[in-house]
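Visitor: Please take me through one part of this model in close detail. I would like a single connected account, starting from one residue and ending at a pocket.

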Amino acid sequence: MIRQFSTSILTPGPDESAFPSDLLSKKTLATSERTIGLCQDLLIPVTNFHNEDKGFMVLPGDVFDLPIRKDIIHRVVRWQLAKRQQGTHSTKTISEVSGTGKKPWKQKGTGRARHGSLRGPQFRGGATMHGPKPRSHAFKVNKKVRRLGLKIALSARAAEGKLLVLEDLEVPTHKTKNIVNYYNQMENTKKLLLVDGGPIDEKLKLSTQNLHYVNILPSIGLNVYSILLHDTLVMSRAAVNRIVERMRTPINR
């Protein structure tokens, strides 16, 4: 004989005498008017591109409900922008400038300043002293700080109500109108970032490549700067699971 058990959480309502006090749940549930940054689990609806109801999903509080710290965001964004600089700027030193190495005039007797080469920095077409040379602009930021920055960026979008979760990012065809129709249904949205769990679907890629206000990223490429660059973040259910797994993976030392 197989017995089926079901569990439910009882929370205090307007009439608390209807339930015994020892059966009421002591767990704090996040409401619409909640305090941000208490690491509470968030329950948000899941839809698709046609706005069809696909159930709900719980966003872990340790990833999507952290206190907002602008200093951490600032450090991570500066690290990202500095790391992506090419650093290919270069100037020529006196040994690299094209020109003769002959002494322009004799040392004494001309009344002019003494010189040994016309390739010096004081001459037209000469060398540049202390100029930039190719180098890396990157600096170190600890992995803990980088991971915390991504959590804070996700928490900020969740607190603003600009984090949406879809069942998947599959589109029926590669037509651009599929994404345009979904974008037009949004309010107060200027730039949209779509994040999928695995490799980007070819139809989705073709349907968004002509839209300058819609960008796509796989979950492994999600970063702080891209989140801040777009005012609305749309993630698939698989992408949320991948991000949570990524954030909870121990840091190798």
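**From a loop residue to a pocket**

Guide: His115 sits in the loop that joins α2 and α3. The model is a predicted one. Is His115 buried or exposed? His115 counts as buried, because its relative accessibility is 17% and the cut-off for buried is under 20%. Pro104 is a useful partner to look at. Pro104 and His115 are 11 residues apart in sequence. In space, their C-alpha atoms are 6.9 Å apart.

Now the setting. The chain has 253 residues, and 34% of them are buried. Its secondary structure comes to 7 helices and 6 strands. Read from the N terminus, the order is β-β-α-α-α-β-α-β-α-β-α-β-α.

Next, the pocket. The two helices on either side of the His115 loop, α2 and α3, both appear in the lining of the second largest pocket. The volume of this pocket is about 300 Å³. Its lining has 15 residues. Closest to the centre are Arg146, Arg147, Leu150, Leu222 and Arg246. Three elements each give two or more residues to the lining: α2 (70–83), α3 (143–160) and α7 (237–248). The largest share comes from α3, with 4 residues. By type, the lining divides into 8 nonpolar, 3 polar and 4 charged residues.

The strands at the start of the chain deserve a look as well. Leu43 belongs to strand β1, residues 42–47. Leu43 is exposed, because its relative accessible area is 58% and exposed means over 50%. Together with Phe56 and Val58, Leu43 makes a nonpolar surface patch of about 330 Å².

Two backbone details belong to this stretch. Cys39 lies in the segment before β1. Cys39 is not a glycine, yet its phi is positive, at about 60 degrees. Its relative accessible area of 42% makes Cys39 partly exposed. Asn51 is placed in the loop between β1 and β2 (56–59). Asn51 also has a positive phi, near 60 degrees, and is a residue other than glycine. With a relative accessible area of 46%, Asn51 is partly exposed.

To draw the parts together: His115 is buried in its loop between α2 and α3. The second largest pocket takes lining residues from α2, α3 and α7. Leu43, Phe56 and Val58 form the nonpolar patch on the surface.

How values were computed
Residues numbered from 1 in each chain as written. Predicted model: local features only at pLDDT ≥ 70, side-chain atom pairs only at ≥ 80, totals over all residues. Heavy atoms only, no water. 1 Å grid on protein atoms, 1.4 Å probe; cavity = no way out; pocket = protein on both sides within 12 Å on 5 of 7 lines; lining within 4 Å. Points joined across faces, edges and corners; volume = space filled by probe spheres on them. Nonpolar A, V, L, I, M, F, W, Y, C, P; charged D, E, K, R; others polar. Patch = residues over 30% accessible without salt bridge, like charges linked within 9 Å, V, L, I, M, F, W, Y side chains within 5 Å. Areas by Shrake-Rupley, 256 points an atom, 1.4 Å probe, with all protein chains shown as cover. Salt bridge = Lys/Arg side-chain N within 4 Å of Asp/Glu carboxyl O. Buried < 20%, exposed > 50% of the residue type's maximum accessible area, 1.4 Å probe, protein only.
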